[in-house]
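Visitor: I have a structure open and would like to talk it through. Could you start with the ligand?

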Amino acid sequence: MKTNNAAEGGSYGTKIADLYIVHNLAAVNGDSRHTYHAMPPVGWMNDPNGFTEAFGKYHLFYQFYPYGPSWDSMHWGHYTTQDFVKWKLEPTALAPDGPDDSDGCFSGSSIMKDGKLYLVYTSVMGGRQTQSIAVSGDGVRFEKLGVIIPGEKLPKDCLRSDFRDPKVFFRGGSYYLIAGAMSESGEGMLLLYRSPDLMKWEFVNVLRRDGLTTRGIYECPDLFELDGRDVLFASPQGYRTEGWRYENVQSSIYMLGKLDERKGVFEREYEDEIDGGFDFYAPQTLKTGDGRTVMIAWMQMWERFFPTKKHGWAGAMTLPRELSLKEGRLYQSPVREIERYRWNPVCFSNVKIGSRNELTKVNGTKVELCFTLDLGDAQRVGVKVYQKGEQDARIYYDRASGLVVFDRSRMGTEITHDAEEKDASVRSVKVRTDGNRLSMRIFLDVSSCEVFLNGGERTMTGNVYSDGEGITFYAEGGSAKIVTLEKYDIVV
Ligand code: FRU
């Protein structure tokens with residue numbers, strides 16, 4: 001089954017990609033580039049792949065097209081990191097240069113076995129999708145071993161054209177794999193397979209099947225244990241909007257429940273959207289040696305206008321986030337290592353907020369802001385970031401609806417969007433306001449804004465393309481108060 005990845009040197013396709021990267025790095029325009037988020041060195045990035053800890057570091061692979069800032073034939077790019085903040089570029093891991101994947105190496109996951117790192121990915125050729133495997137003894141160069149789940153192993157009424165994004169894991173003495181698929185009648189499915197050795201696979205059962213993925217399938221599943229429960233992630237294409245939930249053209253959801261892997265049944269007890277912002281898709285998790293579950297996602301969305309394409313790159317990853325369960329709901333907090341990069345602390349307390357408050361030294365675009373608001377009797381109260389004149393992105397509490405709103409409609413750049421999406425400029429979520437208070441932790445990184453509400457009860461992630469650097473608190477229709485505020489520059 002061996003193909004053309006020579007173990008030491010990388011395959012033909014990865015070598016060409018790496019040469020191209022070296023020769024074109026300098027041509028990427030630095031405008032809008034993040035400073036502490038993973039981005040493609042050149043070209044295009046989408047989903048995180050194979051996110052894991054191995055050989056003494058964390059590995060982030062990703063869907064990568066080096067030769068231009070648009071989606072095209074997929075490679076697996078590769079970064080490593082010691083702390084989830086500084087990312088080291090590694091040689092390209094996979095290129096679409098094998099006999100089964102000449103149209104692309106699509107998304108997948110990774111797993112350690114007998115001291116080797118295996119990448120399990122979707123191989124695409126001639127409109128057909130199969131699952132393939134590659135192996136590495138050093139976590140740098142990968143050798144493709146060929147197809148492990150061909151289309152023949154799909155249940156009878158499944159399409160061979162939509163069978164992808166394998167998540168592989170070990171449980172109860174066997175390896176398991178969950179992949180997205182589609183029935184001939186267009187239903188989205190999640191399929192479970194089992195293997196004794198990662199090479200021979202048998203179909204176990206359908207974990208989920210319904211007509212809710214109106215534009216495709218359940219993409220990019222992930223399965224992990226958290227505080228004694230099973231969490232299943234998926235990214236459904238075309239999920240129906242439910243009030244303020246699932247407003248993006250494609251959503252990412254989590255399901256809490258119990259997987260009976262022997263029978264292949266996932267008993268779903270709760271389901272919700274993972275992030276309520278604009279730019280969040282295809283999340284994956286890893287377990288750290290110290291027991292944390294850390295999630296990362298693509299900080300972009302399909303079918304939108306990408307302003308950075310003109311600079312020679314597109315797509316980035318979110319800040320990695322630690323996951324936990326509280327009262328049966330998923331909570332997210334920024335990975336704790338980011339706090340090592342805090343500089344220039346500025347603190348305020350008990351500041352009354354009127355129509356406009358500019359606080360000394362509270363500005364910047366590579367910044368962490370943590371604050372608690374007393375919502376007072378204001379009708380709207382919040383913060384404007386990336387502000388300059390009338391230009392800003394704002395995050396505020398709206399008393400009439402009881403929602404927290406992230407509004408980037410005034411950022412000065414229009415993001416065109418898919419016809420089925422109502423807009424790409426305003427998103428809302430519902431959170432608690434116990435004691436008439438609301439807390440926010442906001443991370444800005446040149447062109448991104450990630451909001452953690454009430455210690456991670458909900459998050460909202462969005463890119464903001466603006467040349468403003470101001471940060472201004474404001475209240476409308478009444479007054480409110482900043483109970484406490486901390487601001488740090490994030491310097492990497
Ligand atoms: C999700 C996705 C996956 C696929 C990959 C291709 O964003 O569509 O289903 O494997 O992107 O790049």
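**Around the ligand**

Guide: An oxygen atom of the ligand is 3.1 Å from a polar backbone atom of Ser-107, and please keep in mind that this is a predicted model.

Visitor: OK, and how much of the ligand does the protein bury?

Guide: On its own the ligand would expose 320 Å², and the protein buries 95% of that.

Visitor: What about side chains, how far is Arg-164 from the ligand?

Guide: A polar side-chain atom of Arg-164 lies 2.8 Å from an oxygen atom of the ligand, and for Glu-219 a polar side-chain atom lies 2.7 Å from a ligand oxygen.

Visitor: How many residues surround the ligand, and which are the closest?

Guide: There are 13 residues surrounding the ligand, and the closest are Asp-47, Gln-63, Arg-164, Asp-165 and Glu-219. Sorted by class, this shell has 6 nonpolar, 3 polar and 4 charged residues.

Visitor: Which strands should I look at for that shell?

Guide: Look at β1 (43-54), β5 (104-113), β9 (158-171) and β13 (218-226), since each of these supplies at least two residues of the shell around the ligand.

Visitor: Switching topic, how many cavities of 30 Å³ or more are there?

Guide: A search of the whole structure finds 4 cavities of 30 Å³ or more, and the largest cavity has a volume of about 50 Å³.

Visitor: And what lines the largest cavity?

Guide: Its lining includes Pro-48, Asn-49, Ser-107, Asp-165, Lys-167 and Cys-220. The strands β1, β5, β9 and β13 each supply at least two residues of the lining of this largest cavity, and the lining residues divide into 4 nonpolar, 5 polar and 2 charged.

Visitor: Then there's the largest pocket. How much space lies in it?

Guide: About 440 Å³ of space lies in the largest pocket. The pocket is lined by 20 residues, and those nearest its centre are Lys-167, Val-168, Phe-169, Leu-223 and Lys-287. Two or more lining residues come from each of β1, β5, β9, β13 and β17 (281-287).

Visitor: Which element gives the most to the lining of the largest pocket?

Guide: That is β9, which gives 5 residues to the lining of the largest pocket. By class, the residues of that lining divide into 9 nonpolar, 6 polar and 5 charged.

Visitor: Last thing, aromatic pairs. How many does the count come to?

Guide: The count comes to 26 aromatic pairs. In one of them, the rings of Trp-71 and Phe-106 have their centres 5.8 Å apart and their planes at 70°, so the pair is edge-to-face.

Visitor: Where do Trp-71 and Phe-106 lie?

Guide: Trp-71 lies in the loop between β2 (57-65) and β3 (75-81), whereas Phe-106 lies in strand β5, so the pair ties together parts that are 35 residues apart in sequence.

Conventions
Residues are numbered from 1 along each chain as its sequence is written. This is a predicted model: local features need pLDDT of at least 70, side-chain atom pairs count only at pLDDT 80 or more; totals for chains, interfaces and linings use all residues. Side-chain values use heavy atoms; hydrogens and water are left out. A residue is near a molecule or strand if one of its heavy atoms lies within 4 Å of it. A polar contact is a pair of N or O atoms within 3.5 Å; within protein, one must be able to donate a hydrogen and the other to accept it, and residues adjacent in sequence count only if both atoms are side-chain atoms. Accessible areas come from the Shrake-Rupley method with a 1.4 Å probe; for residues, only the protein chains shown count as cover. Helices (H or I, at least four residues) and strands (E, at least two) are DSSP runs, numbered from the N terminus. Ala, Val, Leu, Ile, Met, Phe, Trp, Tyr, Cys and Pro count as nonpolar, Asp, Glu, Lys and Arg as charged, and the others, Gly among them, as polar. On a 1 Å grid over the protein atoms alone, a cavity is a set of points where a 1.4 Å probe fits but cannot get out, and a pocket is an open set with protein on both sides within 12 Å along at least five of seven lines; lining residues have an atom within 4 Å of a point. Grid points are joined across faces, edges and corners, and a volume is the space filled by probe spheres set on the points. Rings of Phe, Tyr and Trp (its six-membered ring) pair if their centres lie within 6.5 Å; planes under 30 degrees apart count as stacked, over 60 as edge-to-face and the rest as tilted.
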